[in-house]
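Q: Hi! I've just opened this one and could use a friendly walk through it. Can we take a look together?

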Amino acid sequence: MSRADTVRFRHSQAILVAAIVAFLGALPLATARWWLLWVLLIPLAIGLWAWRAGTDADARELRLRALLGQRRVPWARVAELAADPRGRAVARLDDGETLVLPAVRAADLPRLVSATGQELPESAR
């Protein structure tokens, strides 16, 4: 699949901007003493998470991305896509496992299904 056929869901870029502001705000504290340099790691980790974490979907699979890793789930293993009470999208797998899809909201489910190349019935829209 080409990258153009992949639907990407990411967290708000405002999180990344906030992490940059926090990094700049932490600079005076971190440079005051050498043992305070670890303070810079917190906004850096949040910024990397905001840039990387999310869900990618194409006709073959779902890819759930986190700060340090990713999990690939073929569509054949997905038994159901639904929304939880908090409005997040979840995928129930054929073995009963439930996965929260990062950065995918309940309102995004039609776009997620369209990535498979299938259409939702009119009653589900």
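A: Happy to; we'll go through domains, annotated regions, the core and some charged pairs, and please keep in mind that this is a predicted model.

Q: Great. Which domains is the protein divided into?
A: There are two: domain 1 covers 12–56 and domain 2 covers 75–115. Their centres, taken over C-alpha atoms, are separated by 30 Å.

Q: And where does UniProt place the "transmembrane region" feature?
A: The UniProt record, an unreviewed entry, puts it at residues 12–29 and 35–54.

Q: How much helix is there over residues 12–29?
A: That stretch is 94% helix and 0% strand, with its end C-alpha atoms 27 Å apart. Residues 35–54 are 60% helix and 5% strand, and there the end C-alpha atoms are 33 Å apart.

Q: I see Trp38 and Ile42 on the outside. What kind of surface patch do they help make?
A: A nonpolar one of about 1100 Å², with Leu41, Trp49, Trp51 and Leu68 also among its residues. Ile42 sits in helix α2, residues 41–52, and is partly exposed at a relative accessible area of 45%.

Q: Switching to the inside: how many residues has the largest nonpolar core?
A: It has 18, and Leu62, Val78, Leu101 and Leu112 make the most contacts within it. At least two core residues each come from β1, β3, β6, β7 and α3. The largest share, four residues, is supplied by β7.

Q: What's unusual about Ala103?
A: Ala103 is not a glycine, yet it has a positive phi of about 70°. You'll find Ala103 in strand β7.

Q: Is that residue buried or exposed, I mean Ala103?
A: Buried: its relative accessibility is 18%, and the cut-off for buried is under 20%.

Q: Now charges. How many salt bridges does a search of the whole structure find?
A: Twelve. One of them joins Arg77 and Asp94, at 3.4 Å from N to O. Arg77 lies in the loop between β4 and β5 and Asp94 in the loop between β6 and β7, so this pair ties together parts 17 residues apart in sequence.

Q: What about Glu80, which residue does it pair with?
A: Glu80 forms a salt bridge with Arg92, their closest N and O atoms being 3.7 Å apart. Because Glu80 is in strand β5 and Arg92 in strand β6, the pair links parts twelve residues apart in sequence.

Q: Which residues are linked in a network of salt bridges?
A: Arg8, Arg10, Asp56, Glu61, Arg63, Arg65 and Arg72.

Conventions
Residues are numbered from 1 along each chain as its sequence is written. This is a predicted model: local features need pLDDT of at least 70, side-chain atom pairs count only at pLDDT 80 or more; totals for chains, interfaces and linings use all residues. Side-chain values use heavy atoms; hydrogens and water are left out. UniProt positions are given in the numbering used here, feature names are shortened, and annotations may be inferred rather than shown by experiment. Patches are made of residues with over 30% relative accessible area and no salt bridge: like charges are joined within 9 Å, nonpolar side chains (Val, Leu, Ile, Met, Phe, Trp, Tyr) within 5 Å. Accessible areas come from the Shrake-Rupley method with a 1.4 Å probe; for residues, only the protein chains shown count as cover. A salt bridge is a side-chain nitrogen of Lys or Arg within 4 Å of a carboxyl oxygen of Asp or Glu. Buried means under 20% relative accessible area, exposed over 50%, partly exposed in between (1.4 Å probe, protein chains only). Domain bounds come from an automatic or database domain assignment. A nonpolar core is a set of buried Ala, Val, Leu, Ile, Met, Phe, Trp, Tyr and Cys residues joined through side-chain atoms within 4.5 Å.
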